[in-house]
Amino acid sequence: MDNNATELQLTQPVERTLQHYLLIGWNVFAAIVSLSGNITVLSAAIRYSAFKLDKVTVLLICNIAIADLGFTITCIIPSIFTIYWEAPVIGRSLCIVFNILDEIFLAVDIFFVCALNISKLLSLISPLRSRYRRRSSGVVAATMIWIFGAFLVQGLPNLLCNPIFAFDRVTYQCSLHIIETCPWVNIYYGALVLFGPFLVVLVTTIWLILHVVTVTSTRLQKQGILTLILVSVSFFIANIPFCGLFALVTINHNFIVTSLSWFPDLNRAVIYILNINIIANPCIYYLSIASFKEFVQGSICNQRDIMVERFRSYNNNTVTRGEEEMAPIRERTQIIPRSVRETV
């Protein structure tokens with residue numbers, strides 16, 4: 001689709017329904033929560049060291065927040081405009097770049113959730129192996145996840161196949177279609193980004209739950225395990241519908257896509273449910289990590305105190321200026337003799 005076609009589409013009237021506005025509202029809500037929440041997480045971790053957790057866990061949490069922010073900027077926010085206009089309003093080139101980046105951010109986010117669970121599992125199984133908990137080990141792991149995530153999700157398929165750009169009017173998103181030229185990519189993506197990570201998170205979550213039930217743990221360990229269990233639950237809620245639909249489409253693509261009239265609505269809903277995985281993590285940290293909760297509450301209280309102090313200062317300055325303006329009038333009034341004032 002070229003820019004001229006895009007301009008022509010923008011001039012044509014779009015029949016917007018309640019579904020359009022619901023999707024726009026959901027994306028606006030997701031963008032606000034993701035931006036404010038993940039920026040707060042990064043600020044708390046990097047600037048104020050508010051997370052009282054081990055360095056590797058904090059590093060992985062920061063990378064999850066960065067991936068969530070990236071997905072918000074390259075997918076959620078542009079979707080607000082593409083849903084409204086039903087066209088790639090940001091332009092073909094930028095639309096392609098954003099599509100490549102948002103798939104990388106989403107996949108890397110999933111990989112970091114897996115790494116967070118595996119890291120916690122290793123720390124509980126082998127607590128004496130401190131080298132696995134060093135920040136340098138976390139930096140190496142995070143770097144490898146970003147590099148291999150980008151290569152495996154976008155680099156390798158685009159090198160081996162010939163992607164076709166198209167604007168998907170079902171999901172109102174730009175996409176690079178590779179399945180038409182390389183049918184094996186469907187299975188490849190399913191194993192790499194969906195079912196493989198899903199199995200890792202499922203196994204580690206079950207193990208963590210059993211560990212909480214059967215093994216005596218410290219308060220800090222229970223807090224970390226609870227955080228990971230909640231993160232995994234939000235991961236399952238966001239990804240189970242997409243994984244199920246993906247499996248059905250892979251098994252019988254022609255029948256489901258062409259024969260079922262309700263497939264477009266279901267596909268659209270499943271795609272946007274994935275936003276839960278992006279916006280839930282900061283809320284989970286607030287509910288399950290005491291140090292982060294104290295930081296957020298302290299920041300809100302500080303901002304409230306600053307606003308109250310500014311309001312009081314403004315009122316005091318207003319009263320003072322009023323008194324200063326009235327002072328000359330009072331002085332002139334006092335100079336006039338009493339008899340004259342009474343006559344007047």
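A nonpolar core is taken here as a set of buried Ala, Val, Leu, Ile, Met, Phe, Trp, Tyr and Cys residues joined through side-chain atoms within 4.5 Å. In this predicted model, the largest such core has 72 residues. Phe51, Tyr285 and Phe292 are the ones with the most contacts inside that core. Helix α4, which covers residues 92-125, is the top contributor, giving 13 residues to this core. A second core, of 12 residues, lies apart from the big one, and Leu23, Ile83, Cys174 and Tyr272 are among its members.

Phe292 is worth a closer look. Once neighbours within four places in sequence are set aside, Phe292 is in contact with Thr40, Val41, Ala44, Ala50, Phe51, Pro282, Tyr285 and Tyr286. That list takes in Phe51 and Tyr285, the two residues named alongside Phe292 for having the most contacts inside the largest core.

Stepping back to the fold as a whole, the chain has 12 helices and two strands. Read from the N terminus, the elements go α-α-α-α-α-β-β-α-α-α-α-α-α-α. Of the 344 residues in the chain, 42% are buried. Counting just the contacts with a separation of 6 or more, 79% are between residues 24 or more positions apart.

Two of the helices were checked for their span. Helix α2 has 30 residues and should span 44 Å at 1.5 Å a residue; its end C-alpha atoms sit 43 Å apart, so the two values agree. Helix α6, residues 184-214, is built from 31 residues and reaches 43 Å from first C-alpha to last, close to the expected 45 Å. Helix α6 also has a kink of about 45 degrees, centred on Ala191.

Next comes the pocket side of things. The largest pocket holds about 1400 Å³ of space. It is lined by 49 residues, and Glu103, Asp168, Ser175, Phe242 and Ile271 are the closest to its centre. Elements giving two or more residues to the lining are α3 (55-85), α4, α5 (135-160), β2 (173-177), α6, α7 (219-251), α8 (253-259) and α9 (263-273). Helix α4 supplies the largest share of that lining, eight residues. So α4 turns up twice, because the helix that gives the most to the largest core is also the one with the largest share of this lining.The backbone has a couple of oddities too. Most residues other than glycine have a negative phi. Ser49, just after α2, takes a positive phi of about 50 degrees, and this residue lies in the loop between α2 (18-47) and α3. Ser49 is partly exposed, with a relative accessible area of 45%. Glu86 is another non-glycine residue with a positive phi, of about 55 degrees. Glu86 lies in the loop between α3 and α4. With the cut-off for buried at under 20% relative accessible area, Glu86 counts as buried because its relative accessibility is 18%.

Finally, Asn239 is found in helix α7. Asn239 has a relative accessible area of 4% and is therefore buried. Leaving out residues up to four places away in sequence, Asn239 touches Ile110, Leu274 and Asn277.

Conventions
Residues numbered from 1 in each chain as written. Predicted model: local features only at pLDDT ≥ 70, side-chain atom pairs only at ≥ 80, totals over all residues. Heavy atoms only, no water. Helix = DSSP H or I, 4+ residues; strand = E, 2+ residues; numbered from the N terminus. Expected span 1.5 Å × (residues − 1). Bend = angle between axes of the 7 residues up to and from the residue. Buried < 20%, exposed > 50% of the residue type's maximum accessible area, 1.4 Å probe, protein only. Contact = heavy atoms within 4.5 Å. 1 Å grid on protein atoms, 1.4 Å probe; cavity = no way out; pocket = protein on both sides within 12 Å on 5 of 7 lines; lining within 4 Å. Points joined across faces, edges and corners; volume = space filled by probe spheres on them.
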